[in-house]
Amino acid sequence: MAGLYHLARLNDRWFRLDEALVSAFIERWRPETHTFHMPFGECTITLQDMAYQLGLPVDGRYVSGCLSEFHIYIQGGRPAWETFGECPEGADDETVRRYARAYIMILLGTQRFADKSGNCIHIRWLPYVARLEEMGTYSWGSAALAWLYRCMCRVANRHVVKLAGPLQLLQSWIFWRFPRFRPERYETFGWPLASRWAGYNPSGSEKGPRVQICPDNGEFFVQFIWMPYSSPDVLQVVHPEVLEPRHMALWRSVTSLIYFAVIEWHQIDRVLPQFGGVQPCLNPALNIDFLISKDGRGGDRWFPYHLQKWHLYWDDRAETVLRFDVVADPGPSHEFLEWWSQYGKRFLSPDMQLGDPRAVPIPVEASQRGPGRVPDMDRPEDVPDRRRVERRSRVGTRRSQRDWNWLEHAMDDHHDAGPAGCCRSSHLTGPHLYPEIADQPGTLSDQQSLPHL
């Protein structure tokens, strides 16, 4: 009913987090492209990974809105609190639904959309759990991916020291894509695929060394599996609901990802080999830096209006599905690797320790794939964050007129207080009064007196 059945089954199969491994990958996360920059190119977590790893539905309504009917959930001027434990045996349908609502709120607030509050759950989930029959119509996969993108973009800031979000999903994605980092004795798996690592509890001595033994020497290929879900073993355990055409088509859609005030961009045109294509040279990434600062604080009534443009992108998601040729040997093209070797950030260590990265030879199989082709798509307009630039340009410049308004006001006060019959000169205002400083704005302070006027 709620579309979270597979996630609920995964709730009792979680595994411990390898902080050193996750931190190593966060170092390679680029907020501008929403991808990991690796020696072989770019890779990222997509809607396809959300479906296979967690079993979440992809197609559906976006998760957003405002809590405008909060009074419905209030009794006697305060929220109706209730303590939940195990559902009693023989409970009626209404009691079971009440316990189910509480469990779903905990599942969403602590597993899929966890934040740094620790043990707190946001009240925004009340309208959703109040209508259990409608929860299955939402795209929980896109909302969870948007939240993971935002959490990784935030921690990419050097002033942020703690990481939140669905980190078990990130770690499971690393294990499936990078065989070198996989723990041993986890060969069998079921559904969802993230349950493969159930019970994984690495010790402190196992975390750091596994990351350190992987050399970052600028080589193009570091044992990355472009299509891990195409193996017969995975197809035997995958749930048929995930393979519905309406869900699979959106895996290759370049569209917005929405989670309340969080707006991110699904840029799969930069990772075509993950869907069986050949990666050509990249187009410039979409600049949505201004949206990264939106976190929903101060109310949520502005969501439907100010974010309407990005809501429409999701409504038109079926029109932005990329079409490209699927090849037997997916990967980056020769032209891409040449460009990447010159301009890409292929390793994090100093150049003096690793040598010139452009000296690394390009594999022969890259030339055999062909040049690749950039799929046709409609690119939305950039939304750069220019608030700081504009704020600085307005301070102490003639552009804002702030440096001369005080002078005009002082002249008006002086003439109003002058002798009767004094004629005002209309040309003695603003910069014309002091031509020698007209080209040096900001040289006079608004605290200076004007005894000579």
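**Close-up views of a predicted model**

**View 1. Cysteines without a partner.** Cys-87 counts as partly exposed, since its relative accessibility comes to 36%. Everything in these views comes from a predicted model, so treat each number as computed from it. Cys-153 is in no disulfide: the nearest cysteine sulfur belongs to Cys-151, and that is 9.3 Å away. With a disulfide taken as two cysteine sulfur atoms within 2.5 Å, the count for the structure comes to zero. Is Cys-153 buried or exposed? Cys-153 is buried, because its relative accessibility is 8%.

**View 2. An aromatic pair within helix H14.** Phe-336 and Trp-339 sit in helix H14, which covers residues 334–343. The two are three residues apart, or about one turn of the helix. Their ring centres lie 6.0 Å from each other and the planes make an angle of 45°, so the pair goes down as tilted. Phe-336 is buried, at a relative accessible area of 2%, whereas Trp-339, at 29% relative accessibility, is partly exposed. How many aromatic pairs does the count come to? It comes to 42 aromatic pairs, if you feel like hunting for others.

**View 3. A cluster of rings.** Ring pairs tie a set of aromatic residues together into a cluster. On the phenylalanine side, look for Phe-25, Phe-36, Phe-40, Phe-178, Phe-181 and Phe-224. Trp-29, Trp-173 and Trp-226 belong to the cluster too, and so does Tyr-149.

**View 4. Two arginines over aromatic rings.** Here the charged ends of Arg-196 and Arg-252 each sit over a ring. Arg-196 has its charged end 4.7 Å from the centre of the Trp-176 ring. For Arg-252, the ring underneath is that of Phe-324, with 5.2 Å to the centre.

**View 5. A three-stranded open sheet.** Strands E1, E2 and E3 line up in that order, with antiparallel pairing. Which strands are at the edges? Those are E1 (29–30) and E3 (41–43), each of which pairs on one side only. E2, residues 35–38, is joined to E3 by three bridges. To find your way between these two strands, start at His-37 and look across to Glu-42 in E3, which stands opposite.

**View 6. The E6–E7 hairpin, with Phe-260 at the turn.** Strand E6 (residues 256–259) runs antiparallel to E7 and is joined to it by four bridges. One handy landmark is Ser-256, whose bridge partner in E7 is Trp-265. There are two residues between the strands of this hairpin. Phe-260 is in that loop between E6 and E7, and its phi is near 55°, a positive value in a residue that isn't glycine. Phe-260 is also buried, with a relative accessible area of 3%. In a regular strand, side chains alternate between the two faces of the sheet. Strand E7 (residues 262–265) is covered on both faces. Val-262 and Glu-264 are buried on one side, and Ile-263 and Trp-265 are buried on the other.

**View 7. Odd backbone geometry between H7 and H8.** The loop between helix H7 (167–177) and helix H8 (204–212) holds Pro-192. A cis peptide bond joins Trp-191 to Pro-192, with omega at about -5°. Arg-185 is in the loop between H7 and H8 as well. What is the phi of Arg-185? The phi is positive, about 65°, although Arg-185 is not a glycine. Arg-185 counts as exposed because its relative accessible area is 74%.

**View 8. Leu-21 and a partner far along the sequence.** Leu-21 lies in helix H2, residues 19–26. At 0% relative accessibility, Leu-21 is buried. Leu-21 and Lys-207 are 186 residues apart in sequence, but C-alpha to C-alpha they are just 6.9 Å apart in space.

**View 9. The largest cavity and its lining.** Rolling a probe the size of a water molecule over the atoms shows where empty space is left. Searching the whole structure turns up four cavities of 30 Å³ or more. The largest one has about 50 Å³ of space in it. What lines the largest cavity? The lining includes Ala-51 along with Gly-55, Leu-56, Pro-57 and Val-58. From further along the chain, Glu-241, Val-242, His-247 and Trp-251 also line this cavity.

Conventions
Residues are numbered from 1 along each chain as its sequence is written. This is a predicted model: local features need pLDDT of at least 70, side-chain atom pairs count only at pLDDT 80 or more; totals for chains, interfaces and linings use all residues. Side-chain values use heavy atoms; hydrogens and water are left out. Buried means under 20% relative accessible area, exposed over 50%, partly exposed in between (1.4 Å probe, protein chains only). Rings of Phe, Tyr and Trp (its six-membered ring) pair if their centres lie within 6.5 Å; planes under 30 degrees apart count as stacked, over 60 as edge-to-face and the rest as tilted. A charge sits over a ring if NZ of Lys or CZ of Arg is within 6 Å of the ring centre and within 35 degrees of the ring normal. Two strands pair if DSSP finds at least two bridges between them. On a 1 Å grid over the protein atoms alone, a cavity is a set of points where a 1.4 Å probe fits but cannot get out, and a pocket is an open set with protein on both sides within 12 Å along at least five of seven lines; lining residues have an atom within 4 Å of a point. Grid points are joined across faces, edges and corners, and a volume is the space filled by probe spheres set on the points.
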